[in-house]
Number of protein chains: 2
Amino acid sequence: MDNRPIGVLDSGMGGLTAVRELLRVLPHEDIVYFGDTGRVPYGTRSAEIVTRYALQDINFLLGRQVKMVIAACGTVTTTLSPELTERFQFPYTGVLHPTVRAAVKATRNGKIGVIATATTIRTGAYERELQKLNTDVQVYSKACPMFVPLVENGYTSRDNPVTRLVAEEYLLPLKEKGVDTLILGCTHYPVLAPLISDVMGSDVTLIDSGKAAADYAKELLTEENFLSDRKIPGKCSYFVSDAPEDFTRNASIFLGEDFSGSVSRIEITNYPETID
Amino acid sequence: MDNRPIGVLDSGMGGLTAVRELLRVLPHEDIVYFGDTGRVPYGTRSAEIVTRYALQDINFLLGRQVKMVIAACGTVTTTLSPELTERFQFPYTGVLHPTVRAAVKATRNGKIGVIATATTIRTGAYERELQKLNTDVQVYSKACPMFVPLVENGYTSRDNPVTRLVAEEYLLPLKEKGVDTLILGCTHYPVLAPLISDVMGSDVTLIDSGKAAADYAKELLTEENFLSDRKIPGKCSYFVSDAPEDFTRNASIFLGEDFSGSVSRIEITNYPETID
């Protein structure tokens, strides 16, 4: 039993789609969320910069006494090297392993599509991890760099003509390959799930990386006996590195409900860029 | 006579549209360009963060012995307060004043449109500056937050259907107001000028803020006798805060020609956030 909070980090607001799922599967856990809104987006930055930023984010969460860290950000997950994350002295998961596991379980024809930011796709991490779990799967990847700005500017409705055009450009090549499972490898993408599903067809299973990470966190905390023993709903505390107002204004896009938490601004550049 | 270089700063690559114009009007001047690609975009950040970042950018340029600083970034220009910039001990111009001057000169019916990032529009700076120059002008402003990601992802051709849809949504309300002059208040926007002109109609004059700033810099340096006396083409040095490769790959979108300069990475967070 461990009543300390779960730490969740993201480059900005997308990680709130993972928080939404955590609230569903672990309703009694406290959550500390850090969104690096002062340095978003990570998806277009070099691996070196992303690593330095992510370690500062993790150091902030550790300072808030979290019992585990979830990197709810596809770019961070695929950029931090296994050599680095294996040295962590605390339970840690990115979205990669949980998502890949869910996708391999879901596919029937062994053809899996992956969509994510340009940086994530460039790492080849999803492809490698999928083939580590099952050498028979065929993986088709596609960077979808316009999806994040479309979501952040509210082009999210199922019938939005702009998003539909962009989605068809990105997704029809994957559809033509006959994938039956599509990994949404960026936490912004679940917001577009209804539209993506329309383009891909209802027989294609969408794997939400935030949901997969939340399910995985529940398993991990259960196995290690690290769950909270409280019976009351957990509290969420939100921290950001730029003005809290923008976060408060847009949080409901990702949480899928009205946002009512407290949001505090912190100075993320004060935290160390290394982890002991 | 002063053979030191001209310093140009931008949040990323958009300021290269101003460099393109400087190369035309001041071909014998050396240019030092800093693009803050490690912290781009500025247009969605708070005024406090933008001010801190911009002062670091300026301190870097001053360290390179520039004779003047051009903030070729709509967001920096409209965010730095006049109280701050008036204390600068070096010639400085943003894009605001030169652009507004060019727009007031161009309009025939006194109806001027302004398009820019959300942060720039929120400051109301263009509107205030236009009405300071001429109290009779009517100003119609519109934030166009999707234009930057569209340009950066290559959706730039005149007949791109995605950009066309977004542009019509943003611009048709301005067209209906009868503006005859449209300020492109973000340095990315000149890349979309042919498409914007198609939507607005050929009788609407587009004011390119990079070109206006370059013309203004020439005037200023001529008046102060600060021009270079060299007869050979000037050299351009480019500095960025993230991986130089991305900059090199995309620079030609903004320069409008093949890019062949040298690009160096610097650590911008090491520079002071204040100016003496």
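How are helices α5(A) and α7(A) oriented relative to each other? Keep that one in mind while we look at the pair. This is a predicted model, so everything here describes computed geometry.

Start with the two helices themselves. Helix α5 of chain A covers residues 96-106 and helix α7 of chain A covers residues 125-133; their axes come within 10 Å and cross at roughly 55°. Angles between 35 and 65 degrees fall outside the parallel and perpendicular classes and count as oblique, and α5(A) and α7(A) are therefore oblique to each other. Their crossing is right-handed. On the α5(A) side, the contact is built from Leu96(A), His97(A), Val100(A), Arg101(A), Ala103(A) and Val104(A). Facing them from α7(A) are Ala125(A), Tyr126(A), Glu129(A), Leu130(A) and Leu133(A). Sort the residues of this contact by class and you get eight nonpolar, one polar and two charged.

Now step back to the whole of chain A. The domain assignment splits the chain into domain 1, made of 6-94 plus 211-270, and domain 2, which runs over 96-209. The C-alpha centres of these two domains of chain A sit 22 Å apart. Where they meet, 25 residues of domain 1 of chain A are in contact with 24 residues of domain 2 of chain A. On the domain 1 side, the elements giving two or more residues are α1 (16-25), α3 (74-79), α11 (209-223) and α12 (244-255) of chain A. That side has nine nonpolar, 12 polar and four charged residues.

Two of those elements, α1(A) and α12(A), also pack against each other, at an angle of about 60° and with their axes 8 Å apart. That makes α1(A) oblique to α12(A), and the crossing is right-handed. From α1(A) come Leu16(A), Thr17(A), Val19(A) and Arg20(A), while α12(A) brings Ala251(A), Phe254(A) and Leu255(A). By class, this contact holds five nonpolar residues, one polar and one charged.

Next, bring in chain B. Turn chain B by 180°, with 0.0 Å of shift along the rotation axis, and it superposes on chain A with an RMSD of 0.0 Å. That is the relation of a two-fold axis. The same surface serves both copies, as 100% of the contact residues of chain B recur in chain A.

How many residues does each chain put into the contact? Chain B gives 16 residues and chain A gives 16 residues. Within chain B, helix α9(B) gives the most to the side that touches chain A, with four residues. Taken by class, that side of chain B has nine nonpolar, four polar and three charged residues.

Helix α9(B) has a partner inside its own chain, too. Helix α9 of chain B (residues 161-176) packs with helix α10 of chain B (residues 193-200) at an angle of about 50°, and their axes are 9 Å apart. α9(B) and α10(B) are therefore oblique to each other, with a right-handed crossing. The α9(B) residues in this contact are Thr163(B), Arg164(B), Ala167(B), Glu168(B), Leu171(B) and Lys175(B). Their counterparts on α10(B) are Leu195(B), Ile196(B), Val199(B) and Met200(B). The residues of this contact divide into six nonpolar, one polar and three charged.

Notes. Residues are numbered from 1 along each chain as its sequence is written. Chains are lettered from A and ligands numbered from 1 in the order in which they are written. This is a predicted model: local features need pLDDT of at least 70, side-chain atom pairs count only at pLDDT 80 or more; totals for chains, interfaces and linings use all residues. Copies are superposed by least squares on the C-alpha atoms of residues with pLDDT of at least 70 in both. Two residues are in contact if their C-beta atoms, placed from the backbone, lie within 7 Å. Axes are lines fitted to C-alpha atoms, for helices over the stretch in contact, and angles run from 0 to 180 degrees between N-to-C directions. Angles under 35 degrees count as roughly parallel, over 145 as roughly antiparallel, 65 to 115 as roughly perpendicular and the rest as oblique. A crossing is left-handed if the near helix is turned anticlockwise from the far one by less than a right angle, and right-handed if clockwise. Ala, Val, Leu, Ile, Met, Phe, Trp, Tyr, Cys and Pro count as nonpolar, Asp, Glu, Lys and Arg as charged, and the others, Gly among them, as polar. Domain bounds come from an automatic or database domain assignment.
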